[in-house]
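I opened the notebook to look up the empty spaces in this protein. I want the overall build first, then the pocket, then the cavities.

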Amino acid sequence: MIALQANKKLDLVSLASIPLIMTLGNSMLIPVLPEMERQLKIGSLQVSMIITVYSVVAIFLIPVAGYMSDQYGRKKIIIPSLIITAIGGLVSGLAAWFLKDSYWVILIGRLLQGIGAAGAFPIVLPLVGDMFKSDDDVSQGLGIIETANTFGKVLSPILGATLALVVWYLPFLSIPVFCLVSVVLVAWLVKVPRRADQKKVKFREFLSSMKQIFAQKGRWLVAIFTIGGISMFVIFGSMFYLSSKLEDDFHIKGVLKGLILAIPLLALCITSFITGKYIQDNKRLMKWLSFTGCVVQTAAITAGATVDNIYLLVSALFLGGAGIGLVLPCLDSLITGGIDKEERGTVTSLYSSVRYIGVAAGPPAVSLLSKVSHQAVFYSISGLCAISAVLSLFAIKPGTNAQKTENVQHFDSVHRGTGRSKSTKPGPA
């Protein structure tokens, strides 16, 4: 294993704070939702909107933020987005603190948080690709970013439940503090490489470029988008189901509930970190680890359908989390390494948008399925995992070095005369 470029370690730590905070900003509210429902005197559908409005607005604005980051620079989008996220948390927290009927103002604050989230974490992925020259460093860097994201998921239920013990709206008020720390770190420590030859691209030219990218690389891009979206669906759907089951069937609440919810996510976090450190730039390894992770997910979730014992259920989800931890860093590296820097922000943002669709769809879909049966939940999820396995096996096909060179020459010839330099490190064939 090759060590990360030494003078970029502080940059990477600073960037890793962003996915951590963005994940906390949404996921740590989940264990607090029942208390919010009681305090705000609203129904379950209304309280679910506190989560949904954040994710839905991000789905639509992430591609816009990605395009803007390609044109105007990554930090110029990330820092204002973090500030907007902080303002959103402050609006929601102060409304809950001082207003009697605060529900709609809380939603406005959550809307602002979603706008900020759209321009923060999704832009981190292409920025890591810009920062490092070595594909090994890029893969390791993305692994650390993905680990920070998953660590946020591990920490969220525990931190959210703990803060709510003080006062139920404290999770809202903690977001501005976290964002301020991240703004200082990014502004002070992250040094974005300057590209003197970078040119502004008209939107029509940008759309044409996107069409060419998907015409040439659409098969594996769509496969990666789909697998990423399914992975998020599995994470949030299964955690939502486990959360409900712990409270309804086993009467486990508060911090203990948060600790149990963190167990499968801890497996995801550890596996993601190890995978990111060892895949380097080996795209064949990425393909087979992705396939293996999808198979492990499928087997684990299928096993979960056959058990009702809480220990066995958590064990099955722990194994499924480890499978997802194999998949996500590989997808990040494949998509970041396979797209030229000029379009990288937009394409990775489209990928992040699809992941948010999985986040938004998982809990309501599982809620409906759980009314049918436990088996309906787990067999449906395992079916999606099986689709991911098939896509990773047949749609992601890393070529030989000779094939890569040929692909690069063809890609350059298509774009010759545009005045934009192209990457010599294409992704899967």
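I count a contact when heavy atoms lie within 4.5 Å. On that basis I looked at contacts with a separation of 6 or more, and residues 24 or more positions apart account for 85% of them. I note that this is a predicted model.

**Entry: overall build**

I looked up the secondary structure and found 15 helices and 0 strands. The protein has 429 residues, and buried ones make up 56% of them. I then checked the surface. About 17,700 Å² is exposed, and carbon and sulfur atoms supply 68% of that area.

**Entry: largest pocket**

I asked for the volume of the largest pocket and got about 920 Å³. Its lining holds 33 residues, with Ile30, Leu33, Phe240, Ser244 and Pro363 the closest to its centre. Which element gives the most to this lining? I found H9, with 8 residues. Other elements that each supply at least two residues include H1, helix H2 (33-40), helix H3 (44-72) and H10. H7 and H13 also reach that number in the pocket lining. Sorted by class, I get 19 nonpolar, 9 polar and 5 charged residues around the largest pocket.

**Entry: largest cavity**

Next I turned to enclosed space. I counted 3 cavities of 30 Å³ or more. The largest cavity holds about 190 Å³. I listed 14 lining residues for the largest cavity; Thr23, Asn149, Lys153, Tyr356 and Val359 lie nearest its centre. Four helices each supply at least two residues to this lining: H1 (9-27), H7 (135-166), H9 (203-248) and H13 (341-370). By class, the lining of the largest cavity has 7 nonpolar, 5 polar and 2 charged residues.

**Entry: second largest cavity**

I put the second largest cavity at about 90 Å³. It is lined by 13 residues, and Ser238, Leu317, Gly320, Gly321 and Ile324 are the closest to its centre. Which elements give two or more residues to this lining? I found H9, helix H10 (254-278), helix H11 (283-305) and helix H12 (310-337). How many charged residues are in this lining? I found no charged residues there, with 9 nonpolar and 4 polar ones making up the lining.

**Entry: cross-check**

I went back over the helix lists. H9 supplies at least two residues to the largest pocket, to the largest cavity and to the second largest cavity. H10 does so for the largest pocket and for the second largest cavity. H1, H7 and H13 appear in the lists for the largest pocket and the largest cavity.

Note on methods:
Residues numbered from 1 in each chain as written. Predicted model: local features only at pLDDT ≥ 70, side-chain atom pairs only at ≥ 80, totals over all residues. Heavy atoms only, no water. 1 Å grid on protein atoms, 1.4 Å probe; cavity = no way out; pocket = protein on both sides within 12 Å on 5 of 7 lines; lining within 4 Å. Points joined across faces, edges and corners; volume = space filled by probe spheres on them. Nonpolar A, V, L, I, M, F, W, Y, C, P; charged D, E, K, R; others polar. Buried < 20%, exposed > 50% of the residue type's maximum accessible area, 1.4 Å probe, protein only. Areas by Shrake-Rupley, 256 points an atom, 1.4 Å probe, with all protein chains shown as cover.
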